[in-house]
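User: I would like a close look at one part of this model. Please keep it brisk.

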Amino acid sequence: MDRQTVVAEALELLDEVGLDGMSTRLLARRLGIQQPSLYFHFRKKEDLLAAMAEAAMAPHATARLPRPSDDWREWFLDNMRSFRRTLLLRRDGARLHAGGLPGPGDRGRIAQKMAFLMNAGVPERDARMAMLAAGRFTVGCVLEEQADVTGEQDADVPLVDHESAFEAGLSLLLDGLVARMTTVTGDRLHP
């Protein structure tokens, strides 16, 4: 039994029982081992959850990095869409991801994304804040979407189309970033 197997089975269990139902006891039973055997790979449940979050993010973490010829605005939108799709792949994916820190492998990719935005003319601070705000917005949208499982709708509350709401909010974030980059020189606007 290796660490990868434990994480893969833990993610399958997550999809079946959700984050609230996850326990090392259930995982050990699923693996056919005694619960203390899990501590060989993970000293505490939080370490297991962090490894699960990292593995669950693999589709986004391995997505193509931006190329210098890419339009930064389109890339920004596509990057957040990829993040959202990845969070939605797992039951409670947003909850599993929320509050976690980037792993060592993620830091290099984040640096490349930041360099791409800065090379496109986005000031460093704005690039950082835009990526942070858009990331948190995306996690929040997915949290709401994954919590919306009742199927019941109050007649006085309009039905939420989660994808449309996400796209609208994402566009507003991008428009705000573009507006911050725009300076007025005479009667011309320069991004």
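How do the residues of the lining of the second largest cavity divide into nonpolar, polar and charged?

Analyst: This is a predicted model. The lining of the second largest cavity divides into 4 nonpolar residues, 1 polar and 2 charged. The residues that line this cavity are T24, L38, Y39, F42, K44, K45 and L48. By residue class, L38, Y39, F42 and L48 are the nonpolar ones. T24 is polar. K44 and K45 are charged. The volume of this second cavity is about 40 Å³.

Now the setting. UniProt, in an unreviewed entry, places a "DNA-binding region" at residues 23-42. That span is 40% helix and 0% strand. Its end C-alpha atoms lie 13 Å apart. The same record places the feature "domain: HTH tetR-type" at residues 1-60. Over residues 1-60, helix makes up 70% of the chain and strand 0%. There, the end C-alpha atoms are 27 Å apart.

The structure holds 2 cavities of 30 Å³ or more. The largest also has a volume of about 40 Å³. Its lining consists of A53, A56, M57, T86, L87, R90, G93, L96 and H97. Three elements each give two or more residues to that lining: α3 (45-56), α5 (72-88) and α6 (93-97). Of these, α6 gives the most, with 3 residues. By class, the lining of the largest cavity has 5 nonpolar residues, 3 polar and 1 charged.

Note on methods: Residues numbered from 1 in each chain as written. Predicted model: local features only at pLDDT ≥ 70, side-chain atom pairs only at ≥ 80, totals over all residues. Heavy atoms only, no water. UniProt positions renumbered as here; feature names shortened; annotations may be inferred. Helix = DSSP H or I, 4+ residues; strand = E, 2+ residues; numbered from the N terminus. 1 Å grid on protein atoms, 1.4 Å probe; cavity = no way out; pocket = protein on both sides within 12 Å on 5 of 7 lines; lining within 4 Å. Points joined across faces, edges and corners; volume = space filled by probe spheres on them.
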